Amino acid sequence: MSGSESKQLTELLVKWKAGDQDALRFLMPLVYEELHRLAHHYLRGERPDHILQSTALVHEAFLRLVDQEPNQVENRAHFLAIAAQLMRQILVDFARSRRAAKRDHLKLSLEEAVALPQARNLDLIALDDALKELSRLNPRQSRIVELRFFGGLSIEETSEVIGTSSATVERDWTIARAWLHREVRGGLKS
């Protein structure tokens with residue numbers, strides 16, 4: 001993102017935070033490609049016949065963003081974190097409805113970002129349940145996973161969003177990955 005685009009994005013975020021709903025409409029073209037890459041990342045591990053596509057996921061997230069309170073949006077990283085959280089919830093909702101309808105499991109590969117072997121597929125609902133439990137036990141670690149894995153933020157960006165040092169983020173990220181690996185692996189065996 002160029003300096004002028006970044007400045008324009010910040011200005012639009014400030015306007016949206018101040019209550020200007022039109023600002024969000026102008027903001028979306030500036031972040032659309034980044035959101036599309038994020039959606040593609042989520043869907044890359046899905047089965048080939050999955051009906052939800054990257055564009056549809058971005059558009060659904062946008063519709064949910066319109067209904068969000070922008071109070072927590074501070075900058076680009078915060079905005080992407082909110083969008084990532086919404087995309088995650090959309091996929092989980094989709095997986096739950098599909099499971100209820102067909103008793104079929106929607107799979108998502110966590111890749112090496114969560115230090116699971118690449119060949120292992122992970123049930124998205126199991127991951128969501130594990131993240132909810134992690135949030136109950138350690139909200140900061142859960143937030144770090146959300147920002148790093150689902151938001152695609154770097155250690156430094158995550159550090160900025162949650163207001164702690166990069167070393168703390170890196171340590172919590174390592175601990176959270178190990179905890180999730182254990183929880184989700186255990187859930188897959190039963």
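The largest pocket in this structure holds about 150 Å³ of space. Keep in mind as you explore that the model is a predicted one. Below is a short tour of that pocket, followed by three pairs of packed helices.

**The largest pocket**

- Three helices, α4 (76-102), α5 (124-137) and α6 (139-150), each give at least two residues to the lining of the largest pocket.
- If you would like to find the lining, look for Gln-85, Arg-88, Gln-89, Asp-128, Leu-131, Lys-132, Ser-135, Pro-139, Ser-142, Arg-143 and Glu-146.
- Sorted by class, this lining contains five charged, four polar and two nonpolar residues.

**Helices α5 and α6**

- Two of the helices that help line the pocket, α5 and α6, also pack against each other, at an angle of about 140 degrees and with their axes 5 Å apart.
- Angles over 145 degrees would count as roughly antiparallel, and α5 and α6 are therefore oblique to each other.
- On the α5 side you will find Leu-127, Leu-131, Leu-134, Ser-135 and Leu-137, which meet Pro-139, Gln-141, Ser-142, Val-145 and Phe-150 of α6.
- Seven nonpolar and three polar residues make up this contact of α5 with α6, with no charged ones.
- Leu-131, Ser-135, Pro-139 and Ser-142 take part in this contact and are also found in the lining of the largest pocket.

**Helices α6 and α7**

- Helix α6 also packs with α7 (residues 155-162), here at an angle of about 130 degrees, and the two axes lie 10 Å apart.
- That angle makes α6 oblique to α7, and their crossing is right-handed.
- From α6, the residues in contact are Arg-140, Arg-143, Ile-144, Leu-147 and Arg-148, while α7 brings Ile-155, Thr-158, Val-161 and Ile-162.
- This contact of α6 with α7 has three charged residues, alongside five nonpolar and one polar.
- Arg-143 belongs to this contact and is listed in the pocket lining too.

**Helices α2 and α3**

- Earlier in the chain, α2 (residues 21-43) and α3 (residues 54-66) pack with their axes 8 Å apart, at an angle of about 140 degrees.
- With that angle, α2 is oblique to α3, and the pair cross in a right-handed way.
- Helix α2 contributes Gln-21, Leu-24, Met-28, Tyr-32, Leu-35, His-36, Ala-39, His-40, Tyr-42 and Leu-43 to the contact.
- Its partner α3 contributes Ser-54, Thr-55, Leu-57, Val-58, His-59, Phe-62, Leu-65 and Val-66.
- By class, the contact of α2 with α3 has twelve nonpolar and six polar residues, and no charged residues.

How values were computed: Residues are numbered from 1 along each chain as its sequence is written. This is a predicted model: local features need pLDDT of at least 70, side-chain atom pairs count only at pLDDT 80 or more; totals for chains, interfaces and linings use all residues. Side-chain values use heavy atoms; hydrogens and water are left out. On a 1 Å grid over the protein atoms alone, a cavity is a set of points where a 1.4 Å probe fits but cannot get out, and a pocket is an open set with protein on both sides within 12 Å along at least five of seven lines; lining residues have an atom within 4 Å of a point. Grid points are joined across faces, edges and corners, and a volume is the space filled by probe spheres set on the points. Helices (H or I, at least four residues) and strands (E, at least two) are DSSP runs, numbered from the N terminus. Ala, Val, Leu, Ile, Met, Phe, Trp, Tyr, Cys and Pro count as nonpolar, Asp, Glu, Lys and Arg as charged, and the others, Gly among them, as polar. Axes are lines fitted to C-alpha atoms, for helices over the stretch in contact, and angles run from 0 to 180 degrees between N-to-C directions. Angles under 35 degrees count as roughly parallel, over 145 as roughly antiparallel, 65 to 115 as roughly perpendicular and the rest as oblique. A crossing is left-handed if the near helix is turned anticlockwise from the far one by less than a right angle, and right-handed if clockwise. Contact means heavy atoms within 4.5 Å.
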